[in-house]
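I opened this notebook to look up the empty spaces in the structure and what surrounds them. Strand pairing comes at the end.

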Amino acid sequence: MTIALSFATVDVFTDVRFTGNPLAIVNIPQGIFLSQETKQNIAREFNFSETVFLHEDDGKGKARKIDIFTINEELPFAGHPTIGTLQFIGSQSEAEGQSVQSIKLLCKAGLIDAKYDYGTSIAAADIPHDVHIHGTRVSLEAVLQSQPRLKNDLYLDNEVPGYPIVSPVKGMQFVLIRLKDLKRSLPRVQLSQIPVHQMEDGVGFVAPYFYVMYNHETKPGWTQIESRMIEPEIGEDPATGSAACALTCYLALQHKLLGTTFKYEITQGVDMGRESHISVEVTIDETGAMIEKIVLSGTAVLVTQGIMNI
């Protein structure tokens, strides 16, 4: 029997169509069950970096379940699918006289408490997290093995050699590689993977995240970053919320300031023509050693809607 499912595509971390990071959202009505294989096949059909399966609201005020798939696997959490789904829900259910809508999502990593602002079209999500800075670091030699053009562009920490591996949630690992120069260094990043055997166990999703920090006067109090992320088996990703969370948590923890909130604005996707803007606020707990709260925010814009037959 053929099942017809409605879907939409949105561009995330942007308000301009055909920029940002594309996302497919497939609506799953109550009473419809899709196997893992079917969901994986649908994700491959869209061929985006991620596809979300959004389960229908049961009307009981519970969190709406989402399943997040790349073309190769299911993820416990991902940032751009979260923001894109929140914008899609919010824009479809705008209530008269209501300026902000509270939305709850449930992904494999846990509950996501969020708000959608009708006036600004900004979705802000309190991200479930289990931030872990791995004991293993990736060596300079391993980075240069896959990125030889960066020989003179890598930022070196003389006190702690190599580059950190950080997980925002269990099962996702990002190698954080700081570069020296915004205009010169980032364009030299190649679509090449750092050898997985250099990373801690090579377990779960692993990807390098290249970034440059710079001063910008447009948003006082916010640290400005530009980044590029090379995704395994796919290529470059225009906007990566989970990597942004990993990076900003790592940077915030380096300050060792108790009970402090740090604000970051990350621009990504410039070199591939899909500019994206990601905002992250990270709050450190009173010990100064743990992350208390991560708020990921951004916009998204609807691009297509249609019906999929399976």
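**Entry 1, the cavity.** I sorted the lining of the largest cavity by class and obtained six nonpolar, five polar and two charged residues. The model I worked from is a predicted one. My search over the whole structure returned one cavity of 30 Å³ or more, and the volume I noted for the largest cavity is about 60 Å³. Its lining is made of 13 residues, and those closest to the centre are Glu50, Ala78, Asp237, Thr240 and Ser242. Looking at which elements contribute, I found that helix H2 (79–92) and H5 each supply at least two residues of this lining.

**Entry 2, the largest pocket.** I then turned to the open spaces and recorded about 450 Å³ for the largest pocket. I listed 24 lining residues, with Tyr155, Asp157, Arg178, Tyr211 and Tyr250 closest to the pocket's centre. Which element gives the largest share of this lining? I found that H5 does, with four residues. The elements that each supply at least two residues are the strands E10 (163–167), E11 (172–178), E12 (205–214) and E15 (261–268), together with helix H5 (241–255). By class, I noted 15 nonpolar, five polar and four charged residues in the lining of the largest pocket.

**Entry 3, the second largest pocket.** For the second largest pocket I wrote down about 310 Å³ of space. It has 19 lining residues, and I marked Ile122, His277, Ser279, Gly298 and Thr299 as lying nearest its centre. Strands E8 (122–126), E16 (276–284) and E17 (291–298) each supply at least two residues of this lining, and E16 gives the largest share, four residues. The classes here come out as seven nonpolar, seven polar and five charged residues.

**Entry 4, strand E8.** I followed E8 further, since Ile122 had turned up beside the centre of the second largest pocket. How do its residues divide between a covered and an uncovered face? I placed Ala123 and Ala125 on the covered face, and Ile122, Ala124 and Asp126 on the uncovered one. In a regular strand, side chains alternate between the two faces of the sheet.

For the neighbours of E8, I found that strand E7 (residues 110–117) runs antiparallel to E8 and is joined to it by five bridges, with aspartate 117 standing opposite isoleucine 122. The hairpin of E7 and E8 has four residues between the strands, and serine 121 takes a positive phi near 60° there. E17 is also antiparallel to E8, joined by four bridges, and I noted serine 297 in E17 as the bridge partner of alanine 124.

How values were computed. Residues numbered from 1 in each chain as written. Predicted model: local features only at pLDDT ≥ 70, side-chain atom pairs only at ≥ 80, totals over all residues. Heavy atoms only, no water. 1 Å grid on protein atoms, 1.4 Å probe; cavity = no way out; pocket = protein on both sides within 12 Å on 5 of 7 lines; lining within 4 Å. Points joined across faces, edges and corners; volume = space filled by probe spheres on them. Nonpolar A, V, L, I, M, F, W, Y, C, P; charged D, E, K, R; others polar. Buried < 20%, exposed > 50% of the residue type's maximum accessible area, 1.4 Å probe, protein only. Pairing = 2+ DSSP bridges.
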